[in-house]
Amino acid sequence: MSLDAPFLLTALGLVAAALVARHRARRFGLELRNLHSLMRWIVIGGLIGGHLIDALYYRFDQVAEVVQWHVIWRQPLELLRIWHGWRSVGGLFGALAAALLWKRYRFESTVVARLTGVFELEGYWFVRRKERVPLLALADIVLSVFPLGWALHRVGSVLALERSDLGFLDLVLTTTLLVVVAVLWKGRFQAGTYICLAGLTYAPARVALGFIGQGPTRAADLAGSLTLTQWGFAVAALLSLVLLVWMRWSMNPRPGVR
């Protein structure tokens, strides 16, 4: 069980979170097709971003070697092997990038070549979105069920005994955030509320937990005096603070400003 626990529980968490997200989208009158599309982009972006950070930062010596400003490739295909490693901070910013791309583009069947009256060649490509889509509202729904999938992922990692840095405090933190989400389940809040909730609670707590359970840290894992994960979640907290300020400003604009 220990070997399969992370994969099985993470998959279970994602399925459960997707079902809950569908229910919340219906309740708030949002189109399910947009939610499904955004969730696919976020999952793909999270997996790609998480793997690239793991490969390029933590295992770069396996991928390539830099000698006098020249890159000597060793195993470049490792960048494509998503199943070989994943880091949460890379997944966080990969998902964020995917959500911002989703806001402007979609990946769908479209005409890529045409000769009038003779033929049309269709293929899948990125095309710009034309309709207005409430990205913050959809992202809120995704973030409101995030603790469900993340908590099960954490439990699986602990059961597998693969992550010595995950302890009781980490699980308590994730569970507490899940309880907060459940308590606020029926609330109708301004779009962006759950993003700020996650960014201003979970993100700084992850930075603090990094200090509490850090122990001896390799110099290669540090970026300055912090680890890459600590830097990443610190930036996430700052972005959430900026979003909160913008939300407050948009609700109470200055006189004469529209």
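A salt bridge here is a side-chain nitrogen of Lys or Arg within 4 Å of a carboxyl oxygen of Asp or Glu. Keep that in mind for the exercises below.

This is a predicted model, in which local features need pLDDT of at least 70 and side-chain atom pairs count only at pLDDT 80 or more, while totals for chains, interfaces and linings use all residues. Residues are numbered from 1 along each chain as its sequence is written, and side-chain values use heavy atoms, with hydrogens and water left out.

**Exercise 1. Follow the salt bridges around Arg59.**

Task: find which residues Arg59 pairs with, and state whether Asp54 is buried or exposed.

Solution:
- Step 1. The structure holds 5 salt bridges.
- Step 2. Arg59 pairs with Asp54, and their closest N and O atoms are 2.8 Å apart.
- Step 3. Glu78 also forms a salt bridge with Arg59, at 3.2 Å between the closest N and O atoms.
- Step 4. Glu78 sits in the loop between strand 2 (70-73) and helix 4, and Arg59 in the loop between helix 2 and helix 3 (60-63), so this pair ties together parts 19 residues apart in sequence. Helices (H or I, at least four residues) and strands (E, at least two) are DSSP runs, numbered from the N terminus.
- Step 5. Asp54 is buried, with a relative accessible area of 5%. Buried means under 20% relative accessible area, exposed over 50%, and partly exposed in between (1.4 Å probe, protein chains only).
- Step 6. Arg59 is buried at 15%, and Glu78 is buried at 3%.
- Step 7. Through shared partners, salt bridges join Asp54, Arg59, Glu78, Arg81 and Arg87 into one network.

**Exercise 2. Compare with Glu31.**

Task: name the salt-bridge partner of Glu31.

Solution:
- Step 1. The partner is Arg33, with the closest N and O atoms 2.7 Å apart.
- Step 2. Glu31 is partly exposed at 43% relative accessibility, and Arg33 is partly exposed at 46%.

**Exercise 3. Explore the largest nonpolar core.**

Task: work out which helix gives the largest share of this core.

Solution:
- Step 1. A nonpolar core is a set of buried Ala, Val, Leu, Ile, Met, Phe, Trp, Tyr and Cys residues joined through side-chain atoms within 4.5 Å.
- Step 2. The largest core has 19 residues; among those touching the most other members are Leu30, Trp102 and Leu138.
- Step 3. Helix 1 (5-27), helix 2, helix 4 (88-104) and helix 5 (135-159) each give two or more residues.
- Step 4. Helix 5 supplies the largest share, 6 residues.
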